[in-house]
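Q: Before us is a structure to be read feature by feature. Where should one begin?

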Amino acid sequence: MMQQRRALALISGGLDSLLAARVVMEQGIHVEGVNFYTGFCVEGHTHAIRKKDRARPKRNNALWVAEQLGIKLHIIDVTEQYKDVVINPKHGYGANLNPCLDCKCFMVGKAVEWIGEHGFDFIITGEVVGQRPMSQRRDTMRIVVRESQVGERLLRPLCAKNLPPTLPELEGWVDREKLYGFSGRSRKPQMALAKQFGLMDYAQPAGGCCFLTDEAYSRKLADLWESRGAREYELDDIMLLKVGRHLRPRPHFKLIIGREEGENNFLQGYQRRFPLLRMISHPGPLTLIDGEVGAEDVELAACIAARFSAGRDAGQVEMQLIDRDGSEQMLQVFPMPVAEVRLEWYL
Amino acid sequence: MREQLDARRLLCPLPVIRTQDRVNTMAAGELLEVICTDPGAASDIPAWCRINGHKVIEMREQSGELVILIEVGEKKR
């Protein structure tokens with residue numbers, strides 16, 4: 001009896017990786033999935049925090065895809081190692097701070113390590129030639145193969161017919177004729193294939209699965225690096241960039257102002273790391289002060305934060321400052337008039 | 001044996017990753033109680049358990065936190 005070959009599929013939660021895994025499973029290959037958590041994954045975070053997003057289905061699409069396919073999914077935390085990809089991308093950034101090509105090389109490289117450790121035979125991705133401007137071009141797809149050191153063990157079932165045969169095809173583990181030759185940015189072939197497999201409910205192709213492709217997010221990350229004088233971050237830093245309004249009224253500090261109860265609750269968890277402002281006299285946001293501040297800075301911060309409270313039109317409002325050491329101080333401030341909150345302060 | 005995992009304040013998928021990593025060190029039949037605050041964990045941890053052959057015995061809200069009790073299943077590879 002022929003040995004059943006085993007493949008590891010990179011599962012993002014989108015349609016392409018779902019189809020790629022399914023196409024290979026159809027050929028009798030044992031497939032398991034892997035999903036790398038970089039800290040910048042769009043999955044889940046804002047859904048969990050903001051009320052308006054809670055109306056959306058609360059599901060992790062990678063887990064959902066694995067369940068649809070009936071395969072195991074290994075979610076691997078790569079947040080520490082991924083820093084080097086974001087901070088020093090060898091191939092540079094895309095339109096924002098998205099290091100897509102380095103990211104793909106990194107992820108396929110991690111998958112190579114995984115299959116080596118677990119005795120799997122090859123790797124599957126949902127890549128399609130010409131689909132993405134940076135990481136899914138014929139030339140850059142060759143770079144991924146070279147830099148990840150995957151050799152001939154990377155099968156891209158959706159566009160395999162447009163590429164030279166890989167080991168699984170050459171060895172007859174999979175039938176090349178039953179693979180596909182998709183190319184370009186059109187999603188129609190994938191949608192047709194999904195229909196053929198009876199898959200109607202899948203994550204719709206959108207702006208990508210990574211916050212780094214988002215202009216506003218990238219601007220906040222660039223500001224973080226500039227303000228610290230170093231290109232570095234911790235996981236908490238990049239989580240906080242996803243939450244609240246960020247305003248930098250002075251070069252040495254910025255404010256993170258909760259936009260609703262869910263965000264306030266989330267920000268509250270950081271009260272030992274940042275001085276925190278809480279509205280007392282009126283309903284209003286919880287505000288973190290990121291930076292080393294003096295009394296004048298705190299007063300400015302409180303006036304700005306009060307502008308976003310229900311007391312914005314009141315004369316004086318009362319707030320509480322809770323410092324990192326837990327010490328508390330009451331403040332009486334006048335909310336800053338809307339016109340005085342400068343646009344350039346918004347990050 | 002019953003173990004406890006504090007996944008408070010972690011946002012998904014981190015509660016799932018921490019659960020996965022802990023379960024991988026446990027034996028079939030053992031129990032793991034996961035405490036989380038991210039509402040997304042209410043769907044993600046059970047989904048991860050279904051995929052990987054583990055069983056959610058109980059899920060309850062306690063003082064605004066989510067407590068999920070998991071029985072570790074057989075690990076097949």
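A: One may begin with a pair of strands in this predicted model. In chain A, S6(A) and strand S7 (residues 253-257) run antiparallel and are joined by 4 bridges. Within that pairing, A:Arg250 has A:Phe253 of S7(A) as its bridge partner.

Q: To which sheet do these strands belong, and in what order do its strands stand?

A: The sheet is open and holds 6 strands of chain A in the order S6-S7-S9-S8-S10-S11, with antiparallel pairing. Strand S6 (245-250) and strand S11 (328-333) of chain A each have a single partner strand, so one side of each is left without a neighbour in the sheet. On average, neighbouring strands of this sheet are turned by 25° against each other, direction ignored.

Q: In the sheet with the order S3-S2-S1-S4-S5 (chain A), is the pairing parallel or antiparallel?

A: The pairing of these 5 strands is parallel, and the sheet is open. Its edge strands are strand S3 (73-77) and strand S5 (154-155) of chain A, each pairing on one side only. Strand S2 (residues 30-37) of chain A is joined to S3(A) by 5 bridges, and A:Phe36 has A:Ile76 in S3(A) as its bridge partner. Helix H1 (residues 15-25) of chain A packs on this sheet and touches strand S1 (6-10), S2, strand S4 (122-124) and S5 of chain A. The direction of the helix makes about 170° with that of S1(A).

Q: How many residues of H1(A) are buried, and what covers them?

A: Helix geometry offers a general guide: an α-helix has 3.6 residues a turn, so residues three or four places apart point the same way. In this case, 10 of the 11 residues of H1(A) are buried; among them are A:Leu15, A:Leu18, A:Ala21 and A:Arg22. Their cover includes S1, S2, helix H4 (61-69), S4, S5 and helix H9 (188-196) of chain A.

Q: Into which domains is chain A divided, and how far apart do their C-alpha centres lie?

A: Chain A is divided into domain 1 (6-211) and domain 2 (243-345). The C-alpha centres of these two domains of chain A lie 41 Å apart.

Q: Which elements of chain A supply residues to the side that touches chain B?

A: The size of an interface is often given as the accessible area lost when the parts come together. Here the description rests on residues: the contact takes 19 from chain A and 17 from chain B. Helix H2 (45-49), H4 and S3 of chain A each supply at least two residues of the chain A side, and H4(A) gives the most, with 4 residues. By class, the residues on that side of chain A are 8 nonpolar, 5 polar and 6 charged.

Q: At what angle do helix H1 (residues 14-23) and helix H2 (residues 41-52) of chain B pack?

A: The angle is about 35°, and the axes of the two helices of chain B are 9 Å apart. H1(B) passes H2(B) in a right-handed crossing. Residues making the contact include B:Val16 and B:Thr19 of H1(B), and B:Ile45 and B:Trp48 of H2(B).

Q: Which backbone features deserve attention?

A: Most residues other than glycine have a negative phi, and most peptide bonds are trans. In chain B, a cis peptide bond joins B:Cys12 and B:Pro13, with omega of about 10°. B:Pro13 lies in the loop between strand S1 (2-7) and H1 of chain B. A:Gln149, although not a glycine, has a positive phi of about 60°; A:Gln149 lies in the loop between helix H7 (138-148) and S5 of chain A.

Technical notes:
Residues are numbered from 1 along each chain as its sequence is written. Chains are lettered from A and ligands numbered from 1 in the order in which they are written. This is a predicted model: local features need pLDDT of at least 70, side-chain atom pairs count only at pLDDT 80 or more; totals for chains, interfaces and linings use all residues. Two strands pair if DSSP finds at least two bridges between them. Two residues are in contact if their C-beta atoms, placed from the backbone, lie within 7 Å. Axes are lines fitted to C-alpha atoms, for helices over the stretch in contact, and angles run from 0 to 180 degrees between N-to-C directions. Domain bounds come from an automatic or database domain assignment. A residue is buried if 20 or more other C-beta atoms lie within 10 Å of its own, exposed if 12 or fewer, and partly exposed in between; C-beta atoms are placed from the backbone. Ala, Val, Leu, Ile, Met, Phe, Trp, Tyr, Cys and Pro count as nonpolar, Asp, Glu, Lys and Arg as charged, and the others, Gly among them, as polar. A crossing is left-handed if the near helix is turned anticlockwise from the far one by less than a right angle, and right-handed if clockwise.
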